[in-house]
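User: I should like to go through the assignments in this structure and the grounds for each of them. Please set each value against its criterion.

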Number of protein chains: 2
Amino acid sequence: MNSLKGNCIIAQSGGPTAVINSSIAGAIHECIKHSQIKGIYGAINGILGVLNENLVDLRKEDAVQIDRLRKTPSSALGSCRHKLKEEDLYKILDVFKRYNIRYFFCAGGNDSMDTANKVSKLAQRKGYELKVMGIPKTVDNDLPVTDHCPGYGSVARWLAISVRDAGLDTEAIYTSDTVKIIETMGRNAGWITASTVMAKERESDAPNLIYLPERPFDNAQFLQDVDRVYKKLGHVVITVCEGLKNKEGEYITASKRGVDTDGFGHKQLGGVGDYLCDLIAANLRIKARVDKPGTIQRVSSLCASKTDLKEAYLVGRVAVRKAVSGLTDMMVTLVRSDTKEYRCFTGLTPLENIANKEKKVPDNFINGEGNFVTEEFIDYVKPLIGGTLPEYARLKKCMVPKSS
Amino acid sequence: MNSLKGNCIIAQSGGPTAVINSSIAGAIHECIKHSQIKGIYGAINGILGVLNENLVDLRKEDAVQIDRLRKTPSSALGSCRHKLKEEDLYKILDVFKRYNIRYFFCAGGNDSMDTANKVSKLAQRKGYELKVMGIPKTVDNDLPVTDHCPGYGSVARWLAISVRDAGLDTEAIYTSDTVKIIETMGRNAGWITASTVMAKERESDAPNLIYLPERPFDNAQFLQDVDRVYKKLGHVVITVCEGLKNKEGEYITASKRGVDTDGFGHKQLGGVGDYLCDLIAANLRIKARVDKPGTIQRVSSLCASKTDLKEAYLVGRVAVRKAVSGLTDMMVTLVRSDTKEYRCFTGLTPLENIANKEKKVPDNFINGEGNFVTEEFIDYVKPLIGGTLPEYARLKKCMVPKSS
C-alpha cells in the first residue's frame, strides 16, 4: 500500500455499453474499502466533467443504487467524445490540484487511455503526485494487449440472439423477403460483426455470409457469394460491418453531412446495408432488406452477458486496488488462461500500449474467401457471450405423402 | 359439437412474430383433444404450402418440440405473402378435397383473413363442407374488431426496453450524438411507433417525440419540435414510423427499387430515419443518427410479452374449439373487459369484417400537436407489454461544491 491520501475521480468515456456501469460499481465498491480514498467523485460526461468541474459526490448515493448500476446499461455518469487540446491538460491538472484529486480512474477505449496517459504524464512533469488507472471498455473489442474488452461479450450475445431471430424470420418469409442484411457497428475492426456467427447452430442457419473491414470489400465477389447461397438455400442472411472499405482503403459509405464528425474527427458511418441492397437489386434482381440496430446493440440490457458483467465489475475493482497499491499509468487487462475451460484473470499494461492503438481481427479468425469467420474465432468468442442461447423448437417436418 | 370428421391444415401467413408459434402450439394442442380431427397437417409457407401440397404431419412431431413452439419466435411452418389468383382458389379447394381437409386454421393478418374467407366461400358454393377459422396475428396491431393483435404486445415490449436503453445512450453521449431517431415498423398504422412511449418513466426520458402515419408529416413543424426539445434538454430522441406520409398522402420515403414490392403490391418502406437526419443536419446543424432495428423488433425472443404469449396460445386453442363446435368463417378476437384490472376474453367476428381492412390509431390516442401519444393510449398499451420493465439505477448526482 502507498500512503497517498486524497480524493478520486471516476470517469466514463466514449460510447456507452451494457456493462460500463458495472465497472463503475466495481470501482466505487473498492474505493469504499480503502482509507486513502476520501471523496469519491464522479465526472459528469467524462473528461468534460473534469474540465467544467461538474463533479458529483458518489458517497452520497444510496448503496442500493450503486448495486443496481451492475445491471444498468449506458453510462450513468454521462460520457463524451472530446479530443483534448494542450491547454485542456493544464486545466485538468489545475482542477485535480484544487480538488485534491490523487486518484483518477477512467473507463474507456483507446482515445480515453490516451487522455488519461497525457494527464498523468503532465502531472508527473509538474511534480503532482497522482495515480491514474485505465478501466478497459469498448464494444468494439479493439484494444490491444487485453484478450478482450468489457462490453464486447454483451453486444456479441445481443447479436447472437437477434441475428438468430432475424434469420428465422428470413427463413420463414423468404418467398418475399429473400435477402436480409444486418449492419452492425465497427469502425475499423470487425469484432462485432464477426460475433454474429454465434447465431448459427446448423450449416444453413444465419448468418450465411459475414463481411469484415479487415478485408477489402469487392462488389463482384460479394454478388457471387450472395448468388451462390441464394441458389443453394433460397434465401441469404448477411452480416456486414458499417466500416467496410474498398480496395483503396476508403469507407464504402461515409456520411457526407458536415455535422457528422465527432470530437476526434471520426466520420459517422452507416449506410453500407442500403448500399448493398441496391447492389443486389440492380445485379441479382432479388429483394433485400436491412436491419440496422445501431446503438440498440451496444447498450441493450436485454441480454447482457453474465461473463461480461462479471468481468466489467472485476476490472473496475482491480483498477482501484492497483492504484491504491501505488501503481499508475496502467490499464487493467483481461488475460485468458490456457486451460480448456474458460478462465480469465486480470493483468496490467502501460497506458501508452493502448493509447490510440487498434487491434483488428487477426487473419486466422477470417476465412480464406473473406466472407466468414473460422473455428478459431468461434473458440475465442464462445465463452464471452455468457452461456448458451435459448433453445428453440426444431420440427422434423415429415411430409404428408402427396395425394394423386 | 358438429360431426364433421376429417383432416385439418394449420397455416401461418404474413410477417413472422415473436408469438405466432405460440398460436400454432395452441391450435395443435387443441386439435389433439378432438376426435373429429384426424390428420393435423401444417402448410409449409402458408397458402403456398397448400397450393404446392407441401404439407407436414404435425402428429409426428415430438411433444416437447410442440411445447417449445410456445417460446420460439418466427413462423416455424414458414410463411408467405401471396396474393391469390382466382384459379388458385380452385386449386386450393381441389387440394382440400383430395386430402380430406375439413378444418382450415389460418394465423395471419388482414390479407390472410381475406384469403381464408375466399377459400371458404368457394367451398360453400361448391357444396364442400369445410370449417375455416382465422387466428389473429400481426405486430402491426391494425386488425379491426379485436382489441389488439397477438404479436403486438411483444414488439411493444421489445421497443419499450430498446428505446429506453438507446435513450439512456443518447442521454450519456449527447455532447457528440445529439439526436437519435429510431425508425420502427408500421405501414399505414402507427401502433408500433406509438408503443415506444412505454420506454418513458420521467418527463425527460426517451422518446421525446413520436410521429405516426395517422398525421400528415410536416417538415417545418418537425424541425420546430426538434429544436424546442434540443434547447430544453440538450438532446432529442425521436421515434418515427417507417410509413410516414406527407400532406398529399404519399410515403415520405418508399423504395425506388423495382424488386421491392411484395405479393400484394406493397412497396418496401424504410429510410425515413435517414431522410430526417439529413433534414436536421441541413436545417439545425446538429448531428443525428438512426437506429433501424427492422425485422429484429418483430421477431425477437428476448422479451416476448408474457401476456402476448399467453393470449397467442389462447386464440390458437379457441379457433380449433370453435371450428369443432361447428362454426366457420370467423376470426377469433381479443375482447378487453371493462374492469380496472386488465382482463381479456376471446370473441368471434366474421372474416369479412377483417379481410383487407386496417384499423388505424384513433384520434384520442394522438396528441393535438401530432408529435406524441396521449394518456389514453398509455392506458391501452400498458397491460399488453406483460409487466414492468427492469429497474435501473437512478443516481442522485449531488454536485461537489465548486472549489475556488
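Analyst: A salt bridge is a side-chain nitrogen of Lys or Arg within 4 Å of a carboxyl oxygen of Asp or Glu. The model is predicted, and 47 salt bridges are found in it over all chains.

User: What makes the contact of A:Lys121 with A:Asp329 a salt bridge?

Analyst: The N to O distance between the two side chains is 2.7 Å, and the limit is 4 Å; the pair therefore qualifies. This salt bridge links distant parts of the chain, with A:Lys121 in helix H5 (residues 110-125) of chain A and A:Asp329 in the loop between helix H11 (306-324) and strand E10 (330-336) of chain A, 208 residues apart.

User: Why is A:Asp329 called buried, and why is A:Lys121 called partly exposed?

Analyst: Buried means under 20% relative accessible area, and exposed means over 50%. A:Asp329 has 9% and is therefore buried. A:Lys121 has 27%, which lies in between, so A:Lys121 is partly exposed.

User: How do you know that the salt bridge of A:Asp169 and B:Arg298 crosses between chains?

Analyst: A:Asp169 belongs to helix H6 (residues 152-173) of chain A, and B:Arg298 to helix H10 (residues 295-299) of chain B. Their side chains meet at 2.7 Å, N to O. Both A:Asp169 and B:Arg298 are buried.

User: What does the salt bridge of A:Lys247 and A:Asp218 tie together?

Analyst: A:Lys247 lies in the loop between strand E8 (236-241) and helix H9 (272-284) of chain A, and A:Asp218 in the loop between strand E7 (209-211) and helix H8 (219-233) of chain A, so the pair ties together parts that are 29 residues apart in sequence. As for exposure, A:Lys247 has a relative accessible area of 60% and is exposed, whereas A:Asp218, with 27%, is partly exposed.

User: Which residues do salt bridges with shared partners join into one network?

Analyst: The network consists of A:Asp169, A:Asp177, A:Lys180, A:Lys287, A:Arg289 and B:Arg298.

User: How do you know that the length of H9(A) agrees with its number of residues?

Analyst: At 1.5 Å a residue, the 13 residues of H9(A) should span 18 Å, and the end C-alpha atoms are 17 Å apart, which agrees. The buried residues of H9(A) include A:Val272, A:Leu276 and A:Ile280. Among the elements that cover the buried residues of H9(A) are strand E6 (179-184) and strand E9 (288-291) of chain A. A:Arg285, which follows H9(A), has a positive phi, near 55°.

User: How is the packing of H1(B) and H11(B) described?

Analyst: Two packed helices are described by the angle between their axes and the distance between the axes. For helix H1 (residues 20-32) and helix H11 (residues 306-324) of chain B, the angle is about 35° and the axes are 7 Å apart. By class, their contact has eight nonpolar, five polar and three charged residues. The crossing of H1(B) and H11(B) is right-handed. Among the residues that meet are B:Ala25 and B:His29 in H1(B) and B:Tyr313 and B:Arg317 in H11(B).

User: Why does B:Ala43 count as buried?

Analyst: B:Ala43 has 0% relative accessibility and the limit is under 20%, so B:Ala43 counts as buried. B:Ala43 is placed in strand E2 (residues 37-43) of chain B. Not counting residues up to four places away in sequence, B:Ala43 touches several residues, including B:Ile9, B:Val50 and B:Leu77.

Key: Residues numbered from 1 in each chain as written. Chains lettered and ligands numbered in written order. Predicted model: local features only at pLDDT ≥ 70, side-chain atom pairs only at ≥ 80, totals over all residues. Heavy atoms only, no water. Axes fitted to C-alpha atoms, helices over the stretch in contact; angles between N-to-C directions. Helix = DSSP H or I, 4+ residues; strand = E, 2+ residues; numbered from the N terminus. Left-handed = near helix turned anticlockwise from the far one by under 90°. Contact = heavy atoms within 4.5 Å. Nonpolar A, V, L, I, M, F, W, Y, C, P; charged D, E, K, R; others polar. Buried < 20%, exposed > 50% of the residue type's maximum accessible area, 1.4 Å probe, protein only. Expected span 1.5 Å × (residues − 1).
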